[in-house]
Protein chains: 2
Amino acid sequence: MSLPPAPGRPGMGIVCADISTTVDGFGAGPGQCLERPFGDFDQGPLHAWMFDHGEENRAEVSAILDAGAYVMGRNMFSPGRGDWDLAWRGWWGEEPPYRAPVFVLTHHPRAPLEMDGGTTFHFVTDGIESALARAREAAGERNVSIAGGASTVNAYLAAGLLDELRHHVTPNTSGLAASAGGSRLFEGVPAIGLVPVSVRHTPHVTHLTYSAGGHRQNG
Amino acid sequence: MSLPPAPGRPGMGIVCADISTTVDGFGAGPGQCLERPFGDFDQGPLHAWMFDHGEENRAEVSAILDAGAYVMGRNMFSPGRGDWDLAWRGWWGEEPPYRAPVFVLTHHPRAPLEMDGGTTFHFVTDGIESALARAREAAGERNVSIAGGASTVNAYLAAGLLDELRHHVTPNTSGLAASAGGSRLFEGVPAIGLVPVSVRHTPHVTHLTYSAGGHRQNG
């Protein structure tokens with residue numbers, strides 16, 4: 001999935017987001033916690049295409065891991081909603097797959113956390129634009145990836161800061177009611193137009209790529 | 001888009017549904033009425049792929065119009081939520097495009113309404129299974145199409161009565177909140193698995209076809 005340079009920003013990567021959801025848009029259920037990082041919800045299909053069927057989705061997995069820096073929401077980094085447990089070092093063990101700087105959106109300051117293999121978690125307390133600016137600087141000419149969850153992707157979409165949305169749709173419904181809570185792609189995003197770029201079907205996931213036109217607002 | 005016969009039902013068509021929604025799943029907004037049949041919501045993109053860009057979507061438009069009988073929800077046939085205005089003859093003029101029997105789900109009895117060109121609207125007051133049984137009988141060996149809206153498709157999905165879902169996703173968000181009301185695909189459907197069959201991208205719509213496995217429950 002090679003990408004042309006974004007218009008108006010020669011030598012810069014684009015800001016893309018990768019998010020897996022059910023056909024009804026849920027990236028996580030309500031009640032996320034240590035035991036159920038994706039909440040009260042069958043998370044199996046959201047993971048299976050990457051971890052159990054990585055071969056048939058090799059291009060998309062590679063694209064996710066190709067960014068020069070990442071931004072993620074607090075709930076993607078850590079369970080719970082209280083203050084930081086400073087012993088918490090993310091869900092990914094001592095050698096996370098990012099191998100790049102990861103900027104975690106949070107209200108709780110914390111010193112950077114250097115992991116094995118090139119990943120360093122930086123904790124950003126002054127909002128999504130600041131996190132993106134820092135990620136862009138770290139990424140240089142490479143892409144910045146908004147790594148999730150859905151509510152973080154929504155915030156970047158709503159702010160017009162996203163160039164490309166890569167929506168990985170698993171072929172199942174969540175069974176969750178709209179009022180159940182959880183994290184749902186496009187929730188709270190104003191009415192915007194996207195431009196279909198490509199689509200690919202596999203037995204376990206459909207990959208939909210849209211241009212979100214973010215470069216128009218922030219080029 | 002030629003379809004193989006559904007397993008276990010030789011000589012019978014399948015039960016398919018065609019529904020257009022935004023990327024966030026809305027097929028109509030809240031406040032549907034005579035002036036705004038799709039409610040308080042930009043309905044433009046939901047129609048444009050069929051009516052303004054029919055050439056590039058010819059196969060999908062043909063498939064919609066290929067059924068031997070249709071089922072549709074009350075709100076798709078008529079504005080308002082009160083009793084029937086018996087002068088109302090549908091949204092499609094004197095010669096609707098269906099050219100087949102159309103079974104309208106309603107709580108208000110009404111005599112069949114024969115239109116020009118082969119369409120007859122039948123009003124069914126005893127539920128979705130009855131409407132489907134009548135549509136199947138009328139369709140013979142041809143497919144039955146659940147024509148919408150989203151809440152009617154949801155009812156058939158939830159009941160396990162759908163063989164195939166053809167979801168036509170337009171590349172725009174609705175801007176509606178989950179709590180706004182309106183008609184949203186997959187709302188109230190329990191957690192079910194679908195099987196991706198095919199996907200096709202056009203500039204104005206993405207066509208996603210899923211097997212919904214309805215024949216397993218009602219073959």
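Start where the two chains touch: 100% of the interface residues of chain A are also interface residues in chain B, so the copies meet through the same surface. Contact here means heavy atoms within 4.5 Å.

Before you click further, know that this is a predicted model, where local features need pLDDT of at least 70, side-chain atom pairs count only at pLDDT 80 or more, and totals for chains, interfaces and linings use all residues. Residues are numbered from 1 along each chain as its sequence is written, chains are lettered from A and ligands numbered from 1 in the order in which they are written, and side-chain values use heavy atoms, with hydrogens and water left out.

**Stop 1: the interface**

Select the contact residues: chain A brings 31 and chain B brings 31. About 2300 Å² is buried between the two chains, and carbon and sulfur atoms give 61% of that. Buried area is the accessible area (1.4 Å probe) that two parts lose on being put together, summed over both.

Now look for charges. Between chain A and chain B there are 2 salt bridges, each a side-chain nitrogen of Lys or Arg within 4 Å of a carboxyl oxygen of Asp or Glu. Show B:E187 and A:R184 as sticks for a salt bridge whose closest N and O atoms are 3.8 Å apart.

**Stop 2: the axis**

Zoom out to both chains. A turn of 180 degrees with a shift of 0.0 Å along the axis lays chain A on chain B, at an RMSD of 0.0 Å. That is how a two-fold axis relates copies. Which C-alpha of chain A is nearest the axis? Pick A:A178, at 2.9 Å from it. The superposition is by least squares on the C-alpha atoms of residues with pLDDT of at least 70 in both copies.

**Stop 3: the sheet in chain B**

Hide chain A and switch to cartoon. Helices (H or I, at least four residues) and strands (E, at least two) are DSSP runs, numbered from the N terminus. You should find 9 strands in an open, mixed sheet, running β5-β6-β4-β3-β7-β1-β8-β11-β10. The edges are β5 (113-114) and β10 (195-202) of chain B, each pairing on one side only. Two strands pair if DSSP finds at least two bridges between them.

Next, select 69-72 and 101-105 in chain B: these are β3 and β4, paired in the parallel sense over 3 bridges. Within this pair, B:M72 stands opposite B:V104.

Add helix α4 (128-139) of chain B, which packs on the sheet and touches β1, β3, β4, β6 and β7. Its direction makes about 180 degrees with that of β4. Axes are lines fitted to C-alpha atoms, for helices over the stretch in contact, and angles run from 0 to 180 degrees between N-to-C directions.

**Stop 4: backbone oddities**

Most residues other than glycine have a negative phi, and most peptide bonds are trans. Here are some exceptions to click on.

- A:G148 to A:G149 is a cis peptide bond, omega near -5 degrees; A:G149 sits in the loop between β7 and α5 of chain A.
- B:G148 and B:G149 are also joined by a cis bond, with omega about -5 degrees.
- A:F186 has a positive phi of about 80 degrees and lies in the loop between β9 and β10 of chain A.
- B:R99 has a positive phi near 55 degrees, in the loop between α3 and β4 of chain B.

Switch on the surface to finish. Is A:F186 buried or exposed? A:F186 is buried, at 3% relative accessibility, whereas B:R99 is partly exposed at 47%. Buried means under 20% relative accessible area, exposed over 50%, and partly exposed in between (1.4 Å probe, protein chains only).
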